[in-house]
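User: I'm new to reading protein structures and would like to look closely at just one part of this one. Could you walk me through a single helix and its surroundings?

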Amino acid sequence: VQFYMSDNSNIKPPVNKPTTEMELLGTVLLFPNAAGIAIQGKLNDIDFSMDVHKHIWKTIDTLYAKNVGVTIGAVSDALQNDKAFQAVGGTKYLADLTEAAIGPEFINGEIRELKECTLRRTLISRAKQLASNATNTEELVEVLSQLQDMTNKADQYYANGEYTNVENVM
C-alpha cells in the first residue's frame, strides 16, 4: 500500500464497513463458539468504527470473561441502560445483527478485515501526528518513509495470515 501526502490534514483514516462489523457481531450472537474465536483473534472494541458496535463488543467480551453464555438475551440485558444501544433499537438491533451473520467458518476473515483497518487507521493517525511536528521537508519525507516501512511490515504479517498491532510494526 502506497501513501502519498501533499497535505496531511486531508488524509482520512480508513473506517470499517458497517456490514463487516454487523456480520461479525451477528455471528458471535448466533454461534456459541464464535465469541471465543473472535476473542482469541484478539478482537478489541477499538477494532469497531461504530460506537454502538464498540459497546456491544465490550459487553460480549465482558460476558465471555465471566463465563456467561453470549446470547442475544444476555447481551440485551447487559446493555439495557446504554443510550447508544437503545437509540439504534435495542434488542431489535441485536436481532438485526443476527440476520447479517455469516457463520463461524468465515469469522477469521472478518476479524482480519477489522484488525487490518484498525492498524491502518492507527498508522495514519500516528503519521499525521509525526508529520504535524515535522519542521522541514526532510523530516516530513522521513516520516513518510517510516510510514511506508510500517505498512510493508503490516502487509507481511497479513500475507502470512497473522494478526498484528502497531507495536509490532513500529
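Analyst: Happy to help; what follows is a tour of helix 3, its neighbours and the loops beside it. Please keep in mind that this is a predicted model.

Let's begin with the helix itself. Helix 3 covers residues 51–65. Is its length what you would expect? With 15 residues at 1.5 Å a residue, helix 3 should span 21 Å, and its end C-alpha atoms are indeed 21 Å apart, so the two values agree.

Next, which residues of helix 3 are buried? They are Val52, His53, Ile56, Trp57, Thr59, Ile60 and Leu63. Viewed down the axis of helix 3, these buried residues fall within an arc of 160°, which means that they line one face of the helix. A general rule helps here: an α-helix has 3.6 residues a turn, so residues three or four places apart point the same way.

What does that buried face pack against? The buried residues of helix 3 pack against helix 1 (18–30), helix 2 (32–40), helix 4 (72–78), helix 5 (83–87) and helix 6.

Let's pick out one of these partners, helix 6, which runs over residues 91–99. In general, two packed helices are described by the angle between their axes and the distance between the axes. Here the axes of helix 3 and helix 6 come within 13 Å and cross at roughly 90°. That crossing makes helix 3 roughly perpendicular to helix 6. On the helix 3 side, the residues that meet helix 6 are Val52, His53 and Ile56, and their partners in helix 6 are Tyr93, Leu94 and Leu97. The residues of this contact divide into 5 nonpolar, 1 polar and no charged.

Tyr93 deserves a moment of its own. This residue of helix 6 counts as buried, because its relative accessibility is 10% and the cut-off for buried is under 20%. Leaving aside residues up to four places away in sequence, Tyr93 touches Met22, Met50, Val52, His53, Ile56 and Val88. The C-alpha atoms of Tyr93 and Ser76 are separated by 9.6 Å, and these two residues are 17 residues apart along the chain.

Finally, look at the loops on either side of helix 3. Lys42 lies in the loop between helix 2 and helix 3, and Asn67 lies in the loop between helix 3 and helix 4. Lys42 has a positive phi of about 60° although it is not a glycine. Asn67, just after helix 3, takes a positive phi of about 60° too. Are these loop residues buried or exposed? Lys42 is exposed, with a relative accessible area of 62%, and Asn67 is exposed at 74%.

How values were computed
Residues are numbered from 1 along each chain as its sequence is written. This is a predicted model: local features need pLDDT of at least 70, side-chain atom pairs count only at pLDDT 80 or more; totals for chains, interfaces and linings use all residues. Side-chain values use heavy atoms; hydrogens and water are left out. Axes are lines fitted to C-alpha atoms, for helices over the stretch in contact, and angles run from 0 to 180 degrees between N-to-C directions. Helices (H or I, at least four residues) and strands (E, at least two) are DSSP runs, numbered from the N terminus. Angles under 35 degrees count as roughly parallel, over 145 as roughly antiparallel, 65 to 115 as roughly perpendicular and the rest as oblique. Contact means heavy atoms within 4.5 Å. Ala, Val, Leu, Ile, Met, Phe, Trp, Tyr, Cys and Pro count as nonpolar, Asp, Glu, Lys and Arg as charged, and the others, Gly among them, as polar. The expected span of a helix is 1.5 Å times one less than its number of residues. Buried means under 20% relative accessible area, exposed over 50%, partly exposed in between (1.4 Å probe, protein chains only). The arc is that of the directions from the helix axis to the C-beta atoms.
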